[in-house]
Amino acid sequence: MIENLKLALNLNLRTGSLEGSIEMNLKGRAKTFILNKGLKVEKANRELSQELKGIQGFEKFKVSVVELEEPANNLELIYSGKLKSYESVLPYLKDSINREYTLLRTDSLFYPIPAEPTFEKPC
């Protein structure tokens, strides 16, 4: 679904926080994106709302759901915060940002991913 992605990250190893800037072009149009529960959109090129929700079918897995006012095929965001761990829900997700151990994988949702917050298929 993602055709082109330009991502810039600034990691603060002392505080465990990150600042991200993303430019995303999609093959189609999307309205909903998911992001790590500890990250918040600061600025965007589109009107949007952001809310913390559990993923349908796995409600303990909380994500930040970014909902655009209108579906779009491109998105530019600036976001920041502390990457929150999902280790209590999925023990293998030990991603973190710190001096001793820094690991970022798409599973930790360190950048917005076009997706509905569900593990279940719609009817």
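What percentage of the 123 residues in the protein do buried residues make up? Keep that in mind while we work through some exercises. The model is predicted, so local features need a pLDDT of at least 70 and side-chain atom pairs count only at pLDDT 80 or more, while totals for chains, interfaces and linings use all residues. Residues are numbered from 1 along each chain as its sequence is written, and side-chain values use heavy atoms, with hydrogens and water left out.

**Exercise 1. Get the overall picture.**

Task: Find the share of buried residues, then describe the strands and the overall dimensions of the protein.

Solution:
- Step 1. Start with the term: buried means under 20% relative accessible area, exposed means over 50%, and partly exposed is in between (1.4 Å probe, protein chains only). Buried residues make up 36% of the 123 residues.
- Step 2. Now look for helices (H or I, at least four residues) and strands (E, at least two), which are DSSP runs numbered from the N terminus. You'll find zero helices and six strands, so the pattern along the sequence reads β-β-β-β-β-β.
- Step 3. The C-alpha trace spans about 40 × 30 × 25 Å along its principal axes.
- Step 4. Check the radius of gyration, which is taken over C-alpha atoms; the globule rule is 2.2 Å times the number of residues to the power 0.38. A compact globule with 123 residues would come out near 14 Å, and the protein agrees because its value is 14 Å.

**Exercise 2. Check the confidence.**

Task: Work out which strand has the lowest confidence and which has the highest.

Solution:
- Step 1. pLDDT is the predictor's confidence in each residue, from 0 to 100. The protein averages 90, and 96% of the residues score at least 70.
- Step 2. Confidence is lowest in strand E4 (residues 48–55), at a mean of 92, and highest in E3, at 97.
- Step 3. A reading tip: where pLDDT is low, the predicted coordinates should not be read in detail.

**Exercise 3. Trace a hairpin.**

Task: Describe how strands E1 and E2 are joined.

Solution:
- Step 1. Two strands pair if DSSP finds at least two bridges between them. Ten bridges join E1 (residues 2–12) to E2, and the two run antiparallel.
- Step 2. Pick one spot along the pair: Lys 6 stands opposite Glu 23 in E2.
- Step 3. E1 and E2 form a hairpin with four residues between them, and Gly 16 in the turn has a positive phi of about 75°.
- Step 4. Move on to Ser 17, which lies in strand E2. Ser 17 counts as buried because its relative accessibility is 19%.
- Step 5. The side chain of Ser 17 makes a polar contact with the side chain of Thr 15 (2.7 Å). That term means a pair of N or O atoms within 3.5 Å; within protein, one must be able to donate a hydrogen and the other to accept it, and residues adjacent in sequence count only if both atoms are side-chain atoms.

**Exercise 4. Explore the core.**

Task: Which residues of the largest nonpolar core touch the most other members, and which strand gives the most to this core?

Solution:
- Step 1. A nonpolar core is a set of buried Ala, Val, Leu, Ile, Met, Phe, Trp, Tyr and Cys residues joined through side-chain atoms within 4.5 Å. Of the 30 residues in the largest one, Phe 33, Phe 61, Val 63, Tyr 79 and Leu 109 touch the most other members.
- Step 2. Strands E2 (17–36), E3 (39–44) and E5 (58–82) each supply at least two residues of this core. E5 gives the most, with nine residues.
- Step 3. Zoom in on Leu 109, in the loop between E5 and E6. Leu 109 is buried because its relative accessible area is 6%.
- Step 4. Leu 109 has a phi near 60°, a positive value in a residue other than glycine.
- Step 5. Contact means heavy atoms within 4.5 Å. Not counting residues up to four places away in sequence, Leu 109 touches Ile 34, Leu 35, Asn 36, Leu 39, Phe 61, Val 63 and Tyr 86.

**Exercise 5. Buried or partly exposed?**

Task: Decide whether Ser 108 is buried or exposed, then do the job for Glu 59.

Solution:
- Step 1. Ser 108 is found in the loop between E5 and strand E6 (113–114). Ser 108 counts as buried because its relative accessibility is 3%.
- Step 2. The side chain of Ser 108 makes a polar contact with the side chain of Asp 95 (3.1 Å).
- Step 3. Glu 59 lies in strand E5. Glu 59 counts as partly exposed because its relative accessibility is 47%.
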